[in-house]
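Biologist: I should like to learn how to read the features of a protein model, one at a time. May we go through an example together?

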Amino acid sequence: MDSEIRLVVDGTPHSLSVDTRTTLLDALRERLQVTSPKKGCDHGQCGTCTVLLEGRRHLTCLALAVAHDGAEIVTAAGLCHGEGEEQGDLHPMQESFLEHDGYQCGYCTPGQVCSAVGMLEEARQGHPSYVTGDLTADVDLDDAEIRERMSGNLCRCGAYPGILAAVRQAAGR
Amino acid sequence: MRTLAYRRPTSAEEAVELMASNPGAKFMAGGSNLVDHLKLGVASPELVVDVSALPLDVVEECEGEDGHLLRIGANVRNSDLAAHPVVRSRFAVVARALLAGASGQIRNQATTAGNLLQRTRCVYFQDVTTPCNKREPGSGCSALDGYGRYNAILGASPECVTTHPSDLAVGLAAVDATVVVLGVDGERRVPLEDLHRLPGEHPEADTTLAPTDLITAVELPMSHPDTVSTYSKVRDRASFAFALVSVAATLRLDGGTVDEVRIAWGGVAHKPWRAHVAETALVGGRLDEDAVRAAVDDELDVATTSAETAFKVAMVRNATTMTLLRLAEEAAR
């Protein structure tokens, strides 16, 4: 069964017809050739397919495309900002990953970056985490908090020290 | 994945009607569990009824028949519920249970009702090449003599030894939550403790709900201001893993004695296990290590273990003791 849907990806609107079974990840990669989000485990366990969906970090492998008709999606590639000559300027989180060598093979990186950007916004809004001592206090993004909040993104190269340093810097610590 | 039709009803009544006229259809909200099952072949509905657009995403304080309560819409996202000011200040056990579950991304996707209705993570349930009475009634239970680290020690049957995976359900069991259900005959309320069921001869039924029943909200009676609560989870890695054992507890002390205590365990049964025997043993007495250990052992009198699950007895005892002693310290402050 096919459905007509509309997706705005990295600022570009797309209309497409998808089989009901198509995941958001496959719609992005296979139909729209948006290959920034990666297919890792395809079962919600590794986080490499993470994008910002309506401004929040979200897995695309466990989402049916048809259920997100009209959604606004920002991928790691779309986090670059600027127009004209400045087009392609890196997002501060991307700069930070570069600076701290927060990747090895780079496969998990787009998901890590999107997750980190979404996580900082959650922390800015005061969302607690499992390791937060006082649930009603302001969020203090120390290393334990960053590790816990980034735990949905796995890196098989084990670049975690670089990723932690990158997120710490982007968080302004 | 089998071909499937997709509908997005605009009212809860329409959603129930769609289910009633399409046997074998499945509700979907956040979809994090169902989409995985579609891929694995664990679920193959002809129709998915997507209820995520229904306006059931509000958390509000209101007056119920038995007093002040917090009403949580079925579609409230796990991350939003854990961040809600009233949940953080008055229902720490619920906030911490939510935050113990899954990852930041999945908590942004998963809903309150969907979390309660998620299915077991038993490896045999998820592997369609193996027998599993929950997935294929009558086919047998591979976990009985197989990989059993996550198996139940309370209330299991020869048909099924798996555990319910939800952390939220365990937290809600400890605060006497009620589930609001819309069925073909209208609305009714089901105590959270009666929502999930022990496997018996029908492990394929996780809950006492009919397939056409839609959870529309969860209601929490407002806690006493002096009640403290928390959730402890023991797992094989520090984060993003299901519980081997978990403990949800609430405590109110009167001087040195226990005025009220509620304990629910996860990872030990086919449902959140409310430890009523242990609670009764503790009320009216002093809360110290010996008392908690004795109370837990009273409750675990009916436990049955295998070589694979024997460790859980000590783990439940230690985790419950640690959790309640910490709460007693907090209550005394």
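**Reading the model, feature by feature**

Modeller: The buried residues of helix 5 of chain A are covered by elements that include helix 2 (92-99), helix 3 and helix 4 (143-149) of chain A. Please keep in mind throughout that this is a predicted model.

Biologist: Which residues of helix 5 (residues 160-170) of chain A are buried?

Modeller: Gly162(A), Ile163(A), Leu164(A), Ala165(A), Ala166(A) and Val167(A) are buried in that helix. After helix 5 of chain A comes Gly172(A), with a positive phi near 85°.

Biologist: Helix 3 was named as part of the cover. Is Glu121(A) buried or partly exposed?

Modeller: Glu121(A) belongs to helix 3 (residues 109-124) of chain A. Its relative accessibility is 28%, so Glu121(A) counts as partly exposed. One may also look at distances between parts of the chain: Glu121(A) and Gly55(A) are 66 residues apart along the chain, and their C-alpha atoms are separated by 9.0 Å.

Biologist: How should I read a nonpolar core?

Modeller: In soluble globular proteins, nonpolar side chains tend to be buried together. Here the largest nonpolar core has 57 residues, and those with the most contacts inside it are Leu70(B), Phe91(B), Val94(B), Leu116(B), Leu172(B) and Leu220(B). Helix 5 (residues 92-100) of chain B supplies the largest share of this core, eight residues. There is also a second, separate core of 29 residues, with Val245(B), Leu251(B), Ala275(B) and Val316(B) among its members.

Biologist: Which residues does Leu172(B) touch, not counting residues up to four places away in sequence?

Modeller: On that basis, Leu172(B) touches Val94(B), Leu116(B), Ala177(B), Leu192(B), Val218(B) and Leu220(B).

Biologist: Why is helix 5 of chain B described as largely enclosed by the rest of the structure?

Modeller: The description follows from burial: nine of the nine residues of helix 5 of chain B are buried, so this helix is largely enclosed by the rest of the structure. The buried residues include Val93(B), Val94(B), Leu98(B) and Leu99(B), and also Arg96(B). Just after this helix, Ala102(B) takes a positive phi of about 55°.

Biologist: How should I read a sheet?

Modeller: Strands of a sheet pair through backbone hydrogen bonds, either parallel or antiparallel. In chain B, five strands form an open sheet in the order 4-5-8-6-7, with antiparallel pairing. Strand 4 (59-64) and strand 7 (186-191) of chain B are the edge strands, each pairing on one side only. On average, neighbouring strands of this sheet are turned by 30° against each other, direction ignored.

Biologist: How many bridges join strand 6 (residues 178-183) to strand 8 (residues 214-221) of chain B?

Modeller: Five bridges join these two antiparallel strands. Within this pairing, Leu182(B) has Leu214(B) in strand 8 of chain B as its bridge partner.

Biologist: And where might I find a hairpin?

Modeller: Strand 1 and strand 2 of chain A form a hairpin with two residues between them, and Asp10(A) in the turn has a positive phi of about 50°. Strand 1 (residues 2-9) and strand 2 (residues 12-19) of chain A pair in the antiparallel sense over eight bridges. In this pairing, Val9(A) stands opposite Thr12(A).

Biologist: Which residues in loops of chain B have a positive phi although they are not glycines?

Modeller: Asp176(B) has a positive phi of about 55°, and it lies in the loop between helix 8 (167-173) and strand 6 of chain B. Phe240(B) has a positive phi of about 50°, and its loop runs between strand 9 (228-234) and strand 10 (245-254) of chain B. As to exposure, Asp176(B) is partly exposed at 34% relative accessibility, whereas Phe240(B) is buried, with a relative accessible area of 11%.

Biologist: Lastly, how should I read aromatic rings?

Modeller: One looks at ring pairs and at charges over rings. The count comes to one aromatic pair over all chains. Tyr147(B) and Tyr150(B) form this tilted pair, 6.5 Å centre to centre with 40° between the planes. Tyr147(B) is partly exposed at 40% relative accessible area, and Tyr150(B) is partly exposed at 26%. The charged end of Arg149(B) sits over the ring of Phe311(B), 5.0 Å from its centre. Across chains, Arg235(B) lies over the face of Tyr130(A), at 5.0 Å from the ring centre.

Definitions and conventions. Residues numbered from 1 in each chain as written. Chains lettered and ligands numbered in written order. Predicted model: local features only at pLDDT ≥ 70, side-chain atom pairs only at ≥ 80, totals over all residues. Heavy atoms only, no water. Core = buried A, V, L, I, M, F, W, Y, C linked by side-chain atoms within 4.5 Å. Buried < 20%, exposed > 50% of the residue type's maximum accessible area, 1.4 Å probe, protein only. Helix = DSSP H or I, 4+ residues; strand = E, 2+ residues; numbered from the N terminus. Contact = heavy atoms within 4.5 Å. Pairing = 2+ DSSP bridges. Axes fitted to C-alpha atoms, helices over the stretch in contact; angles between N-to-C directions. Phe/Tyr/Trp six-rings, centres within 6.5 Å; stacked < 30°, edge-to-face > 60°. Lys NZ or Arg CZ within 6 Å of the ring centre and 35° of its normal.
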